[in-house]
Every structure is written in C-alpha cells, then in structure tokens.
Amino acid sequence: MSYNKPLPRLDTLNKPFWAAAKEGKLLLQHCPACGDTRFPPGPVCPKCLAGDQDWVESSGKGTLESWIDMHRAYWDGFKDDLPYRVCLVRLEEGTVLVSNLVDKTENLRMGAPVKVVFDAVTEDVTLPKFTLV
Amino acid sequence: MFDLNELKDKIAVIGVGNTKYGNFPEIDDYGLAAHAFRNAVNDCGIDKNQIDGMLVSRIPYYARMGEVLGINPRWTITLPGHGRMSGMGIIEAASAIASGLCNYAVLLYANIGRSRRVNYGGDESPGTWDPWGFTSPGAAHAMAFRRHMEMYGTTTRQLAEVSVAIRYHACLNPDAVMRNPITIEDHESARFITAPLRLLDYCLINDGAVCLILTSKERAKDFKKPPVMISGFGGQDTFSPSSIANFDMDFWHPAISAAGKQAYEMAGVTHKDVNALMCYDNFSPTVLFSLEGLGFCGQGESGSYVEDGALALGGRLPVNTDGGHLSNSYMQGWALNVEAVRQLRGECGARQIPDCEVVQYVQSTPCTRSIIYTRG
C-alpha cells in the first residue's frame, strides 16, 4: 500500500536534514559564528544574523518536554494509527523538536530521557522519531 | 517622544453590533459583516457617512467591504483572519484616531468557518511537523497543558472548571450557540480530541460577524449611549517558536505579564480592580495561562484558583460572561470586546455583573494583547 501521510516539503534550506535522516543521522542547523543550533533551518542565524550556516550532527539524546495523543486524524493516512503519540523533545544541544514517541506506555513523565530512532517511511523519506531510554 | 500612557481614556467605543451566531451557508463574509455593521450603526446612531476609518479582519477584500457598506474612508487597513488580530486591531484603530488618521473607525470581522467546514488543521495550515502528524492549534494547546500538568500538578478536573463556568454564562445569554449546562463529570467523560484535551476544552466553530465603532472621547459624547473608554492597553509578541504554531514553552507567561503590566499602568488599575475578565478561550488551558500571566494567581497556581466555580458570575473573577469562544461564539476575540462594552453599559440582563466598572480583555497568543475598558 502506498504511503498516504504527509511528507516533508523539501527546500534548499532543509534538504541536508532529510538527506542525513536517510543515512540515520540527526542534523541541526548550526551557526559557526555564535554556536546557535535549530530546526527548522533559517536563512540567517536568528541570534547573530550571520548568513553562512552549516549543520552539526546531534547526539540524538534528549529529554521529554511534553507529549499528546492525537485522537483525530486531520489526514486520512493517520486514521488507522489513532490515537497516535506526538512528543516534544529537548535535545542535549538545547534545540527543541516535535516528533513521535514510539512507546505506547502510559507511564510517562516530563524529563524522561529519550533517544532518536529512524523510521524509513518511504524509499526517500526517513523520519527521526524518539523512544524512551 | 510620545508617552503611550497619555492615550488613557482618550478613545471610546461608541457602537457595537453582531449577527446571530450559527451555520449560515446562504450568506457570505460581506453579508454577515454588513448585518453586524448595521447593528453597530443603529446602536450608536452615527450617520454612516461620518465613518472615515475602516479596519477589516478575516474579510477577503477591504474595497469590496467599503463598496458593500457604501463608505469611503481615509484610513483603511486589513488584518489577517487570525484570532489574535482582535486585540491588535482595536489598539491600531485607537492609535489611528489618536493621531488624526481618522475620526470614526469601524472595525469589522466575519467568520464563515462553520458553513464552509473549516478544520483548523491538516492541509489547510501546512507546517514543519506535518510528517509526524502534529497539526492544529488544539494539539499545540494540549502540548502546553500537558507540561502544565507535569510541572504544577494541574488536573483535568481543574481545567474543567473553565469550560463549566463559561458554559454557565452561555446559558444566561439568549444569543449563545451552546445553551445546555455542563458539569465537571460531563467534561471528564467527553471524547478526547487531543489528549489531555477533550471536546469541551475546544472552542466552537460557527459563522457570524462582529462590528465595533470607535472615536475620540470628545466626539463620543454625541451618540446614543454612554461611551465606554479604552483606559489602557499593552502588547508583547513571542515569535519563537513560530514553527511550533500556537505554542510557548513558558505558557506565554513573560508576554502576558508584560502586556498586562503596560495595560494596568496605563489605566491606573491593578488586577484587583477588574470586575470581569474577557479572556481569549480558543482552548480552555489558555484561560489558566492568562490568569497566571496577569497576576490573578501565581505561576502554576491557576488550577486551584479556578476551583469551586471561581470563574462564574458571583465567583471571585467572572470570566467570559457571554459564554466565550467555548460556548457563545467563535468570533476570535471580537465578541469578547463587545461583551466588555455591554457589561460596562449594563446591558447584559441575566448575566450582568452588578456595579461593573473595569473589564479587562486579554489574548494570550504569539501576539499577546490586553485592553482595559472602563465606564466613560
């Protein structure tokens, strides 16, 4: 069956992130001038406005900041997954990401350690997701 | 340099109007706005040809709006259809009048989201996190409320107090969309939309339109009803993280505090003087965040603050006496400002707050604004 969930909209800025995810790496856009990291990427550093931004690999380790269980499918592709879990993770590097927590347990707490896992959802797209450590 | 505080009590709301609220597939945005406009014109008795300023929000084309109403202002501005534009629009119009850009400003908002089946999520509002299924303002508020539960021990039964009190007010408002009373148990047994939030934590989606007419204090004396003064206002935006839309790690606490402080200082009042709070209740947790940000209670203490019907008429702080977005009408803040005016005029019938003198509006959003209204 073909994949019918939304796919990332690739652009010149975010291409490196998705290419790396396919290789099992979690990248963050990084400012060589001031060290700020972020995702999604921007055209300049929002801290110091430096233009030349590069990418660094995240350790993939972080903590759970929050989570929700979606009981409504805004896209048909999520209907069979309901309820599915979305999480907010703060990486060791300080960057906060939205992702999916693959664990089904109800025994969660804010601050729980998590690490990245990679889910190859199509031939071209791999989504970084998170699991409890 | 200008001192914003000099605008205290210089601008008045002289006319307010709204349509019925519901599902109106047979009428468009312009039609709804025109009905609200006519009601506001009749409310204050202004000759519509005197109106020389127009601000529209969620209305497709300002020029067509002017054509429909037969007005040609010398000041016109369009704001997008985001809920947070109501507080921003009123402040913009007040400053336009204060600077002489116009003398009489009409503010128009219309929403046809119910009859046109707007979802507020999915492909309607594409975002960075769609591949992970994270979409909709409700999901963002659920994410924030889960943090509040974890950090402060706030419970969903406490959250229910918000929806229950606001529904109680809707039951006293003959024009409200939802008029059946609800209990905490009803809230707790409603279906999840985005856990931890349930159906009764979500605002309505309905059609309708709202209109306000503003002018200067001096000109305000010439109209049918006593003017309601804009005594103070303040604002603070929080644009990071905009990629996580409608979300803030700190529940917008710094922004609400800043906007509230400006508004209180300008009006010369404190939160203790506020007789009613009109609070942007797109989702029930926003009310908790607003109470904390404005200082009605300490950070993390809103759960216990709202217990035992504290937000209902007769309680310690009546909130959204018209039934708010949760139970009256989803007019994205505009109807709450109209309710503030009607409370201060004493026009609210069964839901009237006795001796109402100070009403505060607040929208705790990426563009946080607060406005304090008093009797003229």
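In this predicted model, strand β9 (residues 276–279) of chain B is joined by four bridges to strand β10 (residues 358–363) of chain B, and the two strands run parallel. Within that pairing, B:L277 stands opposite B:Q360 in β10(B). Both faces of β9(B) are covered, since B:A276 and B:M278 on one side, and B:L277 and B:C279 on the other, are all buried.

Further along chain B comes helix α9 (residues 284–294), in which eleven of the eleven residues are buried, so the helix is largely enclosed by the rest of the structure. The buried residues of α9(B) include nonpolar ones such as B:V287, B:L288, B:F289 and B:L291, but B:S284, B:T286, B:S290 and B:E292 are buried in the helix as well. Just after α9(B), B:G295 takes a positive phi of about 90°.

A contrasting environment is found at B:N5, which lies in the segment before β1 (11–18) of chain B. B:N5 is exposed, because 12 other C-beta atoms lie within 10 Å, and a residue counts as exposed when that number is 12 or fewer. Even so, B:N5 touches B:E265 and B:M266, when residues up to four places away in sequence are not counted. The C-alpha atoms of B:N5 and B:A263 are separated by 8.9 Å, although these positions lie 258 residues apart along the chain when counted as their separation in sequence.

From these local features we can turn to the nonpolar interior. In soluble globular proteins, nonpolar side chains tend to be buried together. Here the largest nonpolar core holds 146 residues, and the members that touch the most other members are B:A33, B:F37, B:L108, B:C211, B:I213, B:L214 and B:Y373. The largest share of this core, nine residues, is supplied by helix α1 (residues 29–44) of chain B. Domain 1 (11–57) and domain 2 (59–133) of chain A both give residues to the core as well, so the core lies between them.

One of those highly connected members, B:C211, shows how separate stretches of chain B meet in the core. Leaving aside residues up to four places away in sequence, B:C211 touches B:G17, then B:A36, B:F37, B:N39 and B:A40, and also B:V106, B:L107 and B:L108. Two of these partners, B:F37 and B:L108, are themselves listed with B:C211 among the core members that touch the most others.

The two chains meet through a contact in which 26 residues of chain B are in contact with 27 residues of chain A. On the chain B side, the elements that give two or more residues are α4 (137–152) and β5 (192–195), and α4(B) gives the most, with seven residues. The residues of this side divide into 13 nonpolar, nine polar and four charged. Strand pairing also crosses between the chains, for two bridges join strand β4 (residues 61–70) of chain A to β5(B), and these strands run antiparallel. In chain A, M70 takes part in this arrangement, as A:M70 stands opposite B:T194 in β5(B).

Chain A itself has one helix and eight strands, and read along the sequence it follows the pattern α-β-β-β-β-β-β-β-β. Its radius of gyration is 16 Å, close to the 14 Å that the globule rule gives for 133 residues, so chain A is as compact as a globular protein of that length. Along its principal axes, the C-alpha trace of chain A spans about 45 × 35 × 25 Å. Buried residues make up 29% of the 133 residues in chain A, while 49% of the contacts in chain A between residues at least 6 apart in sequence join residues at least 24 apart.

Chain A is divided into domain 1 (11–57) and domain 2 (59–133), and the centres of these domains, taken over C-alpha atoms, are separated by 21 Å. The contact between them takes nine residues from domain 1 of chain A and ten residues from domain 2 of chain A. On the domain 1 side, the elements that give two or more residues are α1 (15–22) and β2 (37–38) of chain A, and α1(A) gives the most, with three residues. The residues of that side divide into five nonpolar, two polar and two charged.

Definitions and conventions:
Residues are numbered from 1 along each chain as its sequence is written. Chains are lettered from A and ligands numbered from 1 in the order in which they are written. This is a predicted model: local features need pLDDT of at least 70, side-chain atom pairs count only at pLDDT 80 or more; totals for chains, interfaces and linings use all residues. The radius of gyration is taken over C-alpha atoms; the globule rule is 2.2 Å times the number of residues to the power 0.38. A residue is buried if 20 or more other C-beta atoms lie within 10 Å of its own, exposed if 12 or fewer, and partly exposed in between; C-beta atoms are placed from the backbone. Two residues are in contact if their C-beta atoms, placed from the backbone, lie within 7 Å. A nonpolar core is a set of buried Ala, Val, Leu, Ile, Met, Phe, Trp, Tyr and Cys residues joined through C-beta atoms within 7 Å. Domain bounds come from an automatic or database domain assignment. Two strands pair if DSSP finds at least two bridges between them.
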